[in-house]
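Here is an informal walk through one model, with a few stops at helices, charges and loops. Keep the 3D view open and follow along.

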Amino acid sequence: MGSAAKEGRAMISFREMTPEDAAAVEEIERASFAVPWSRRAFWEEAANERTLYLVARMDGEIVGYAGAWIILDEAQITNVAVAPEKRGQGIGRRLMDEMMARAKARGASRMTLEVRPSNEAALTLYKSCGFLDYGRRPRYYQDNGEDAVIMWKMEL
């Protein structure tokens, strides 16, 4: 079952990712990340009962997605991306709010993620959602050896 929220004049809805979403999700992934996941990697992840993968839809089109592992009381964000032409419209924030609410509904009480320190837009988004910097993972990113900032939201 999806949920919807008014964002400006366009309606954004959220639902769990399905195999039919593969092409749109892959297109956003490739436009967003230096080392993109493959369609197969998404479906292997999404098929796992410990994961939650959502898509954001606007005017019938997939404009973003997010994924998380949920194990016991912790949710680990694996991916968050919004189509380049739709960024700056609040979609990422709404997607994160939806992920946090659904993770909480599935038993998670806190959430973590890693993000590049050079990704200022993502850092701003996560901080606005209540995530705090808890340290670094040295040379975490394979493409350029950049560290990862470890962020936590201790109460969902």
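## The end of H3

Let's start where a helix stops: just after H3, Gly107 takes a positive phi of about 105°. Bear in mind throughout that this is a predicted model.

Helix H3 itself covers residues 91–105, which makes 15 residues. From its first C-alpha to its last, H3 reaches 21 Å, close to the 21 Å expected at 1.5 Å a residue. Which residues of H3 are buried? They are Ile91, Gly92, Leu95, Met96, Glu98, Met99, Met100, Arg102 and Ala103. Notice that Glu98 and Arg102 are on that buried list, along with Leu95 and Met96.

## Salt bridges

How many salt bridges does the structure hold? The count is 10, and a few of them are worth a look.

Take Arg15 and Asp21 to begin with. They form a salt bridge whose closest N and O atoms are 2.8 Å apart. On the Asp21 side, the relative accessibility is 3%, so Asp21 counts as buried. Arg15 has 23% relative accessibility and therefore counts as partly exposed.

Next, go to helix H1 (residues 22–32), where Glu26 and Arg30 both lie. The two are four residues apart, about one turn of the helix. They form a salt bridge, and here the closest N and O atoms are 3.3 Å apart. Is each partner buried or exposed? Glu26, at 15% relative accessibility, counts as buried, while Arg30, at 52%, counts as exposed. The pair also belongs to something wider: Glu26, Arg30 and Arg39 are linked in a network of salt bridges.

## A link between E6 and E7

Another salt bridge joins Glu114 and Arg137, with the closest N and O atoms 2.9 Å apart. This pair links distant parts of the chain: Glu114 sits in strand E6 (residues 110–115) and Arg137 in strand E7 (residues 132–137), 23 residues apart.

Glu114 has a relative accessible area of 17%, so it is buried. Arg137 has 36% and is partly exposed.

## Patches on the surface

Strand E7 turns up again in a nonpolar patch, since Leu132 is found in E7. Leu132, Tyr134 and Met154 form this patch on the surface, and together they have about 300 Å² of accessible area.

There is a charged patch to find as well. Glu27, Asp59, Glu61 and Glu85 gather on the surface in a patch of negative charge. One of its members, Asp59, deserves a stop of its own.

## Loops with positive phi

Where does Asp59 lie? Its place is the loop between strand E3 (51–58) and strand E4 (61–71). Asp59 has a positive phi of about 55° although it is not a glycine. Its relative accessible area is 66%, so Asp59 is exposed.

Follow E4 to its other side and you come to Leu72, in the loop between E4 and strand E5 (74–82). Leu72 has a positive phi of about 55° too, and it is not a glycine either. With a relative accessible area of 75%, Leu72 is exposed.

## Two contacts along the way

Now look at Glu49, in the loop between helix H2 (39–46) and E3. At 72% relative accessibility, Glu49 counts as exposed. How far apart are the C-alpha atoms of Glu49 and Ile70? They are separated by 8.8 Å, with the two residues 21 residues apart along the chain.

Last stop: Lys153, which is found in strand E8 (residues 148–153). Why does Lys153 count as buried? Its relative accessible area is 17%, and buried means under 20%. The C-alpha atoms of Lys153 and Gly130 are separated by 6.0 Å, although these residues are 23 apart along the chain.

Note on methods: Residues numbered from 1 in each chain as written. Predicted model: local features only at pLDDT ≥ 70, side-chain atom pairs only at ≥ 80, totals over all residues. Heavy atoms only, no water. Expected span 1.5 Å × (residues − 1). Buried < 20%, exposed > 50% of the residue type's maximum accessible area, 1.4 Å probe, protein only. Salt bridge = Lys/Arg side-chain N within 4 Å of Asp/Glu carboxyl O. Patch = residues over 30% accessible without salt bridge, like charges linked within 9 Å, V, L, I, M, F, W, Y side chains within 5 Å. Areas by Shrake-Rupley, 256 points an atom, 1.4 Å probe, with all protein chains shown as cover. Lys, Arg positive; Asp, Glu negative; His and termini not counted. Charge placed at Lys NZ, Arg CZ, Asp CG, Glu CD.
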